[in-house]
Amino acid sequence: MDASELARQLAARRKPKQVICPVCGTQAVGLGRRKYCGDRCAKLAWWRRHRAKAADGVAEAALHVWDDDGGAGVNGSQNR
């Protein structure tokens, strides 16, 4: 018996469990460490966990552009 066949047999023996998605509250059937109902909720949860870090990066990038062009705006255009 090769390794992939053994893995398939082990996977077939796992018992599904009911999970309630912490993002939307939907019930789903999962195996192993499943926590969310699907990719959409998992990505939304990741975004919520990392929102502050992402916002800091955007603000820092904007300040960097401001410093590089002397405050004139992107590509030297002036704000009217």
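These notebook entries record what I looked up in the structure.

**Entry 1. Model and confidence**

I note at the outset that this is a predicted model. I read the confidence values before anything else. The mean pLDDT of the protein chain is 81, and 66% of the residues reach a score of at least 70. I then went through the elements of the chain. β1 has the highest mean pLDDT, at 93, and helix α2, which covers residues 39–68, has the lowest, at 78.

**Entry 2. Fold outline**

I listed the secondary structure next. The protein chain contains two helices and two strands, and their order along the sequence is α-β-β-α. I also looked up burial for the chain as a whole: of its 80 residues, 10% are buried.

**Entry 3. The hairpin**

I turned to the two strands. Strand β1, residues 17–20, pairs with β2 in the antiparallel sense, and I found four bridges between them. Together β1 and β2 make a hairpin, with six residues separating them. In the turn, G25 has a positive phi of about 80 degrees.

I followed the pairing residue by residue. K17 is placed opposite G30 of β2, and V19 is placed opposite A28 of β2.

I then asked which side chains of β2 are buried and which are not. In this strand, residues 27–30, A28 and G30 point to one face and are buried. Q27 and V29 point to the other face and are not buried. Such alternation between the two faces of the sheet is what a regular strand shows.

**Entry 4. After the hairpin**

I looked at L31, which sits in the loop between β2 and α2. L31 has a relative accessible area of 39% and is therefore partly exposed. I also recorded its distance to R14: the C-alpha atoms of L31 and R14 are 7.1 Å apart, although 17 residues separate the two in sequence.

**Entry 5. Cysteines**

How many disulfides does the model hold? I counted zero. C21 is in no disulfide, and the nearest cysteine sulfur, that of C41, lies 3.7 Å away. The cut-off for a disulfide is 2.5 Å between the sulfur atoms, so a distance of 3.7 Å does not qualify. C41 is likewise in no disulfide; the nearest cysteine sulfur to C41 is that of C37, at 3.5 Å. That distance also fails the test, because the sulfur atoms would have to be within 2.5 Å.

I checked the exposure of both residues. C21 has a relative accessible area of 2%, so I entered C21 as buried. C41, at 8% relative accessibility, is buried as well.

**Entry 6. Salt bridge in helix α1**

I searched for salt bridges and found one. The partners are E5 and R8, whose closest N and O atoms are 3.5 Å apart. The cut-off here is 4 Å, so the pair qualifies. In general, side chains of opposite charge can pair when their charged atoms come close.

Where do E5 and R8 lie? Both are in helix α1, residues 3–13, and they are three residues apart, about one turn of the helix. E5 is partly exposed, with a relative accessible area of 29%. R8 has a value of 51% and is therefore exposed.

**Entry 7. Nonpolar surface patch**

I finished with the surface. M1, L6 and L10 form a nonpolar patch there, and their accessible area together is about 350 Å². One of these residues, L6, belongs to helix α1. L6 has a relative accessible area of 43%, so I entered L6 as partly exposed.

Technical notes:
Residues are numbered from 1 along each chain as its sequence is written. Side-chain values use heavy atoms; hydrogens and water are left out. Buried means under 20% relative accessible area, exposed over 50%, partly exposed in between (1.4 Å probe, protein chains only). A salt bridge is a side-chain nitrogen of Lys or Arg within 4 Å of a carboxyl oxygen of Asp or Glu. Two strands pair if DSSP finds at least two bridges between them. pLDDT is the predictor's confidence in each residue, from 0 to 100. Patches are made of residues with over 30% relative accessible area and no salt bridge: like charges are joined within 9 Å, nonpolar side chains (Val, Leu, Ile, Met, Phe, Trp, Tyr) within 5 Å. Accessible areas come from the Shrake-Rupley method with a 1.4 Å probe; for residues, only the protein chains shown count as cover.
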